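Here are my notes after going through the model you sent. I've kept them as numbered points so you can check each one on screen.

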Amino acid sequence: MGETNYNLKDWQEVVTDKEQDRASHNDAASMTSTQRNIPLSGMMGTGAADFFSPEIFQIVLHNPTTSHQLLQYSQSRFCGENMEFLERVDRYNTLLDELTKVMSEIYRNYTSVEAPRALNISQGLIKQINMDIKTTTLNTLPAMELIFSDSQVCVENILATDIYPRFVKHQMTVSAEKALSAGRQKYAGLGDCFCLTSPAKADNPIVFASDGFIKVTGYSRQDIIPRNCRFLQGKYTDQGASRRLREAIDANQESVELLLNYRKTGEPFWNLLYVAPLFNAEGKVVFYLGGQINCSTTIHSRSDILRVLSMSDKAEEDNVNTEQSMPTVPSSSSGRKGGFFRSFKMGRNTRQTPTIPEDREAGMENQLINKIQKLNFKNQMKMFYTAYSKYLVLSYERLAVEFFSTGVVDMLLVDPKTDTGFLGNDIFKVLAQYSPMLSKEFKNRIKTQLRQGRAISADINLATRRSIVTHGSERFATHWTPLKNEHAVVKYVVVTFAPYQQD
């Protein structure tokens with residue numbers, strides 16, 4: 001009798017402990033709308049919500065929605081085995097919990113002295129069952145729970161230090177891109193926060209900045225020019241992200257990083273930073289163009305973080321096994337002499353006239369594509385296809401094309417070295433090659449706004465590389481942003497092309 005009661009006591013303690021662990025796990029993993037305004041406990045001492053705290057990381061791993069997004073992201077980068085392993089370990093531990101619960105129910109209902117439905121078998125066999133249950137509970141199950149513990153810690157460390165930070169950056173990018181189509185006001189600087197840096201000068205300083213850059217950072221132009229962008233960094237800025245940014249710049253590559261930056265007041269903000277090299281006619285990098293988005297305006301709590309990390313990027317799921325490649329500057333050996341689309345577009349004159357809605361604020365906000373980071377065409381046309389990767393930089397006085405990003409020339413299939421109708425030409429003449437129905441109203445309204453030093457947005461249909469596949473034109477929202485020197489004198493204009501969502 002005493003032994004049986006001891007077994008029951010052991011079972012009750014084991015089951016109670018496991019059920020408490022399970023309840024605690026579920027509470028952490030399932031975030032409800034009632035928690036929306038609860039500040040995050042781990043604030044890194046900055047007041048900014050911490051995507052990278054151990055608490056948040058564990059919630060992401062075990063929350064069904066966020067773990068699914070992290071799995072999809074990992075699989076698309078050919079490192080899905082880590083999340084797949086952790087999912088199976090979770091399943092394994094769940095089965096152990098279920099086994100514990102079932103054995104407890106068998107004992108209580110069928111083999112204990114107080115069992116309401118005791119089995120009609122010999123006492124010797126009953127005793128043997130109870131002894132086996134005790135051994136399994138106190139020895140076998142604890143040992144089974146430890147089988148994957150060391151490897152689980154190792155894999156979680158790989159995720160936490162490598163894959164998870166890149167996943168966070170990607171999800172922030174998706175969140176910002178979706179804001180381009182609705183709710184641009186939620187993100188400070190979205191579409192109009194730019195700066196030009198000069199690699200020809202020591203330390204690659206900022207030489208021109210938009211009004212949006214001044215507004216987001218809180219610094220004056222004299223504070224900003226000429227300084228390297230690192231002055232926005234601080235104590236809690238991830239040095240790994242800063243290193244990756246420097247390496248991309250050294251390699252003349254486009255880059256996207258999520259950085260914790262600081263305003264002049266010391267207030268921290270999460271800065272989603274896009275950087276692209278700008279090339280001249282000889283293919284040399286003359287400037288780097290940086291586009292910034294202050295993402296902290298919508299991230300104040302744990303549930304805000306989980307909302308961002310739960311966002312679905314269907315392009316990822318549809319292309320789990322598709323690699324993305326960066327566009328390259330067309331070589332002069334391609335043989336293209338400009339006007340590639342002329343014969344193509346002349347037979348298609350049903351495009352709509354480019355429009356500038358009267359009630360639209362300057363920016364890239366209206367109904368823009370929400371999968372801008374990478375749109376896949378055919379497999380042979382893979383490219384880095386973001387709203388911030390397609391730049392033209394114009395001289396302010398002549399509105400002539402001076403510099404370009406690789407994304408633009410790849411989109412338009414133009415060779416800057418051989419196409420005499422591109423660099424140095426009036427921007428409206430360049431656009432007319434790809435959009436024959438460019439109206440005078442379109443040109444005049446843009447010129448009027450720019451002459452006043454103000455940004456403006458405009459819609460336009462263009463014949464692009466994608467048009468070869470779709471057999472039609474592609475609709476873009478263009479955003480024209482003046483860049484000014486330390487004395488607020490406009491020197492350049494950035495024209496950004498953001499494609500509308502394709503149905």
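The points below start with the whole chain and then go to single spots.

1. First, a caveat: this is a predicted model, so please read every value here as computed from predicted coordinates.

2. On the overall make-up, the chain comes to 16 helices and ten strands. Of its 503 residues, 53% are buried. The exposed surface is about 23000 Å², and carbon and sulfur atoms supply 50% of that. If you take the contacts with a separation of 6 or more, 66% of them are between residues 24 or more positions apart.

3. Have a look at strand β5, residues 285–294. How much of β5 is buried? Eight of its ten residues are, so the strand is largely enclosed by the rest of the structure.

4. Strand β5 also has partners worth tracing. It runs antiparallel to β4 (residues 268–279), with nine bridges joining the two. One place to see this pairing is Leu278, which stands opposite Phe287 of β5. Strand β1 (residues 194–197) is antiparallel to β5 as well, and there the join is made by four bridges. For that pairing, find Thr197, which stands opposite Tyr288 in β5.

5. While you're there, check the turn of the β4–β5 hairpin. Five residues sit between the strands, and Gly283 takes a positive phi near 80° in this hairpin.

6. Two residues have a positive phi without being glycine, and I'd look at both. Asn204, at about 50°, is in the loop between β1 and β2 (206–209). Ala488, at about 65°, is in the loop between β9 (474–484) and β10 (490–499). Is each of them buried or exposed? Asn204 has a relative accessibility of 15%, so it counts as buried, the cut-off being under 20%. Ala488 is at 42%, so it counts as partly exposed.

7. There's a cis peptide bond to note too. It runs from Ile225 to Pro226, with omega near -5°. Pro226 is found in the loop between α8 (221–224) and α9 (239–250).

8. Gln171 deserves its own point. This residue lies in helix α6 (residues 149–181), and its relative accessible area is 2%, so it is buried. What does Gln171 touch, leaving aside its neighbours within four places in sequence? It is in contact with Val308, Leu309, Ser310 and Met311. With Leu309 there is a polar approach as well: a polar atom of the Gln171 side chain lies 3.2 Å from the backbone oxygen of Leu309. I'd turn on side chains here and follow that pair by eye.

9. Now the aromatics. The structure holds 20 aromatic pairs. Which residues do ring pairs link into a cluster? They are Phe51, Phe52, Phe57, Tyr73, Tyr164, Phe167 and Trp270.

10. Last, two spots where a charge sits over a ring. The charged end of Arg451 is over the ring of Tyr396, 5.2 Å from its centre. Lys491 lies over the face of Tyr492, and there the distance to the ring centre is 5.9 Å.

Technical notes. Residues numbered from 1 in each chain as written. Predicted model: local features only at pLDDT ≥ 70, side-chain atom pairs only at ≥ 80, totals over all residues. Heavy atoms only, no water. Buried < 20%, exposed > 50% of the residue type's maximum accessible area, 1.4 Å probe, protein only. Polar contact = N/O pair within 3.5 Å; in protein donor to acceptor, adjacent residues only side chain to side chain. Contact = heavy atoms within 4.5 Å. Phe/Tyr/Trp six-rings, centres within 6.5 Å; stacked < 30°, edge-to-face > 60°. Lys NZ or Arg CZ within 6 Å of the ring centre and 35° of its normal. Pairing = 2+ DSSP bridges. Areas by Shrake-Rupley, 256 points an atom, 1.4 Å probe, with all protein chains shown as cover.
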